Amino acid sequence: GVINILSGTVRAKEDETPLGRGGCLYAEGTINMYGGTVIGGYALQGGSVYIAGEGTLNLYGGEITGGKGETGGNIYGYGGAVVNLYGGKVTNGYATLRGGNIDLRTYNEKRPALLIEKDVTVSGGVAVSTGGNIYTQGVDITANGIIENGTAVTPDGTLANGGNIYV
């Protein structure tokens, strides 16, 4: 299936009990986001958005912000997942392990893909391990946008690997 988000707000319930996957949105199909805001979400994987297997996220505008997860504070994808960021922002995600804003990984020899175009900002992600803004494992990445102000720290506050991007 396909969901088209044109405007408005998708806001997660204020709760400190994590969901399994995708605190706001879970997709096995395609999410096209043209505007609006996805705010918050708390899940073990993909605090705000979870892209399963062959799913696709196309962000043309709007913002995904404030998600919290163990991996992928804002966005998590695996296997053949595709994340195309053509416009908009992904900001202020928090992960207790990897990928404060985005975490993408290979699964069953299928590689995810990440595209970040010039009109995109990925910023303010924090990970308590690796990849403050972006953590990837076996991912094809093309980046032209702004990736800034990410932080990767250990639990005791020591700086860790990949403040902005860990590949």
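Is Y76 buried or exposed? Y76 is buried, with a relative accessible area of 6%. This is a predicted model. The chain has 24 strands and zero helices. Its radius of gyration is 14 Å, close to the 15 Å that the globule rule gives for 167 residues, so the chain is as compact as a globular protein of that length.

**Overall dimensions and contacts**

- Along the principal axes, the C-alpha atoms fill a box of roughly 40 × 35 × 30 Å.
- Of the 167 residues in the chain, 49% are buried.
- Take the contacts between residues at least 6 apart in sequence: 76% of these join residues at least 24 apart.

**Surface and charge**

- About 7400 Å² of the chain is exposed.
- Carbon and sulfur atoms supply 46% of that area.
- The chain carries 10 positive and 14 negative charges.
- The mean positions of the two sets of charges are 2 Å apart.

**Aromatic pairs: Y26 and Y50**

- Seven aromatic pairs occur in the structure.
- In one of them, Y26 and Y50, the ring centres are 4.9 Å apart and the planes meet at 10°. Planes under 30 degrees apart count as stacked, so this pair is stacked.
- Y26 sits in strand β4 (residues 25-27), and Y50 sits in strand β8 (residues 49-51). The pair therefore ties together parts that are 24 residues apart in sequence.
- The two partners differ in cover. Y26 is partly exposed, at a relative accessible area of 41%, whereas Y50 is buried, at 2%. The cut-off for buried is under 20%, and exposed means over 50%.

**Aromatic pairs: Y50 and Y76**

- Y50 also pairs with Y76. The centres are 5.4 Å apart, with 15° between the planes, and this pair is stacked.
- Y76 belongs to strand β12 (residues 75-78), and Y50 to strand β8. The pair links distant parts of the chain, 26 residues apart.
- Y76 has a relative accessible area of 6%. Buried means under 20%, so Y76 is buried.

**The aromatic cluster**

- Which residues form one aromatic cluster? They are Y26, Y50, Y76, Y78 and Y107.
- Both stacked pairs described above lie within this cluster: Y26 with Y50, and Y50 with Y76.

Methods:
Residues are numbered from 1 along each chain as its sequence is written. This is a predicted model: local features need pLDDT of at least 70, side-chain atom pairs count only at pLDDT 80 or more; totals for chains, interfaces and linings use all residues. Side-chain values use heavy atoms; hydrogens and water are left out. Helices (H or I, at least four residues) and strands (E, at least two) are DSSP runs, numbered from the N terminus. The radius of gyration is taken over C-alpha atoms; the globule rule is 2.2 Å times the number of residues to the power 0.38. Buried means under 20% relative accessible area, exposed over 50%, partly exposed in between (1.4 Å probe, protein chains only). Contact means heavy atoms within 4.5 Å. Accessible areas come from the Shrake-Rupley method with a 1.4 Å probe; for residues, only the protein chains shown count as cover. Lys and Arg count as positive and Asp and Glu as negative; His and the chain ends are not counted. The place of a charge is taken as NZ of Lys, CZ of Arg, CG of Asp or CD of Glu. Rings of Phe, Tyr and Trp (its six-membered ring) pair if their centres lie within 6.5 Å; planes under 30 degrees apart count as stacked, over 60 as edge-to-face and the rest as tilted.
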